[in-house]
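Please look through the sequence and the model shown here before reading the report that follows, and keep both at hand while you read.

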Amino acid sequence: MNLLFRDARDRALCPGGSVVCIGAFDGLHLGHRALVGRAVERARALGVPAVALSFEPLPREFFARDATPPRLMLPRAKAAGLRALGCEGVGLLRFDAKLASMSAEAFVRRVLVHQVSAREVWVGPEFRFGKGRAGDIALLRAMGAELAASSQGFTAHEIEPLHVDGERVSSTRIRAALAGGDFQAAARLLGRPYAIGGHVVHGRQLGRTLGYPTANLRYGGKTPALRGIYATWVHGVGDAPWPSVSSFGTRPTVDGVEPLLEAHLFDFAGDLYGRRIEVEFVAHLRDEEKFPDLPSLVAQMRHDEAQARAILLHHEPQRAIA
């Protein structure tokens, strides 16, 4: 079974039952992995599929569209990551006005019972769902027991919070670490280096004319969790990670608008258009800024390159998972 679905519909996707885990799963950090791992373990014990349910856009993005909060991970990477962790079904439910207005009870009956035939439901600490965030673990347990009389019941379980460095692991902590340029702290919470992946797209090719060609990745209309100039490793180009310097931002000197990740690979010659790469972030060099002219920008780019090369000489690349 390899199932990806977007809509909360009444059609049965797992007629033989499933074990379900629910969460935002932004970043797939150690806490998320503990939750997914428990669901996958139980699904294998019961001989049914493990199904991860999440939402796209995330509810906090839907309710704050004028100032969308930063994202650690794009939907495609989240779905791929959940599959890699053992989930045979992934639901990235379309969070719109209709789903936002669905009561917690209706979500249980329509999605958990009718759509995925849940036998067990696993959630993280303080999980809330449904209109007005009225649903919680107590409601899940009560409805699971109530529905048992009609052979549609399930058990509901809440995992314990996971702590690293004395504090609970959370996407909020990771965003703060990235914003502060603390990639070691972010990696401890994620269980891996922070990286962004995608297929290389065509840009304006201004970097090529300035002597700094870049491999460009779009961020899917989402708000990135970091901005600036970074020393990076690029995975997916050769047999080993490639040293690079990357800019992630809107390129104010040339009046850019859309956030774009631009990686300049040192001493590289070749065509990367269409290739999937992963950019692993190592160190923050400086914030993005607007320069008075292109010669000033090029001079700063030379300085950024030299600084990134020096940093990467003393930093071993890690296995990046975007």
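## The largest pocket

In this predicted model, the largest pocket has a volume of about 1,100 Å³. Its lining is made up of 39 residues, and those closest to the centre of the pocket are Gly-23, Ala-24, Phe-127, Arg-128 and Arg-133. Several helices take part in this lining, since at least two residues each are supplied by helix 1, helix 2 (59–62), helix 4 (97–100) and helix 7.

## Helix 1 and its surroundings

Helix 1, which was named above as a contributor to the lining of the largest pocket, covers residues 30–46 and therefore has 17 residues, and the distance from its first C-alpha to its last is 24 Å, close to the 24 Å expected at 1.5 Å a residue. Just after this helix comes Gly-47, which takes a positive phi of about 75°.

Which residues of helix 1 are buried? They are Gly-31, His-32, Leu-35, Val-36, Ala-39, Val-40 and Ala-43. The cover over the buried residues of helix 1 includes both strands and helices, among them strand 2 (18–22), strand 3 (50–56) and strand 5 (118–123), together with helix 3 (75–84) and helix 7 (171–179).

## The open sheet

Elsewhere in the model there is an open sheet, formed by 6 strands in the order 9-14-11-12-13-10, with antiparallel pairing. At its edges lie strand 9 (195–199) and strand 10 (215–218), each of which pairs on one side only. Neighbouring strands of this sheet are turned against each other by 35° on average, if direction is ignored.

Within the sheet, strand 11 (residues 228–235) and strand 12 (residues 242–249) run antiparallel and are joined by 7 bridges. As a single example of bridge partners, Val-234 is matched with Trp-242, which lies in strand 12.

## Helix 10 and Val-298

Helix 10 (residues 294–312) packs on the sheet, where it touches strand 11, strand 12 and strand 14 (276–286), and the direction of helix 10 makes about 100° with that of strand 14.

One residue of helix 10 is Val-298. Is Val-298 buried or exposed? Val-298 has a relative accessibility of 9%, and because a residue counts as buried when this value is under 20%, Val-298 is buried. Along the chain, Val-298 and Arg-175 are 123 residues apart, and in space their C-alpha atoms are separated by 30 Å.

Note on methods. Residues are numbered from 1 along each chain as its sequence is written. This is a predicted model: local features need pLDDT of at least 70, side-chain atom pairs count only at pLDDT 80 or more; totals for chains, interfaces and linings use all residues. Side-chain values use heavy atoms; hydrogens and water are left out. Two strands pair if DSSP finds at least two bridges between them. Helices (H or I, at least four residues) and strands (E, at least two) are DSSP runs, numbered from the N terminus. Axes are lines fitted to C-alpha atoms, for helices over the stretch in contact, and angles run from 0 to 180 degrees between N-to-C directions. Contact means heavy atoms within 4.5 Å. Buried means under 20% relative accessible area, exposed over 50%, partly exposed in between (1.4 Å probe, protein chains only). On a 1 Å grid over the protein atoms alone, a cavity is a set of points where a 1.4 Å probe fits but cannot get out, and a pocket is an open set with protein on both sides within 12 Å along at least five of seven lines; lining residues have an atom within 4 Å of a point. Grid points are joined across faces, edges and corners, and a volume is the space filled by probe spheres set on the points.
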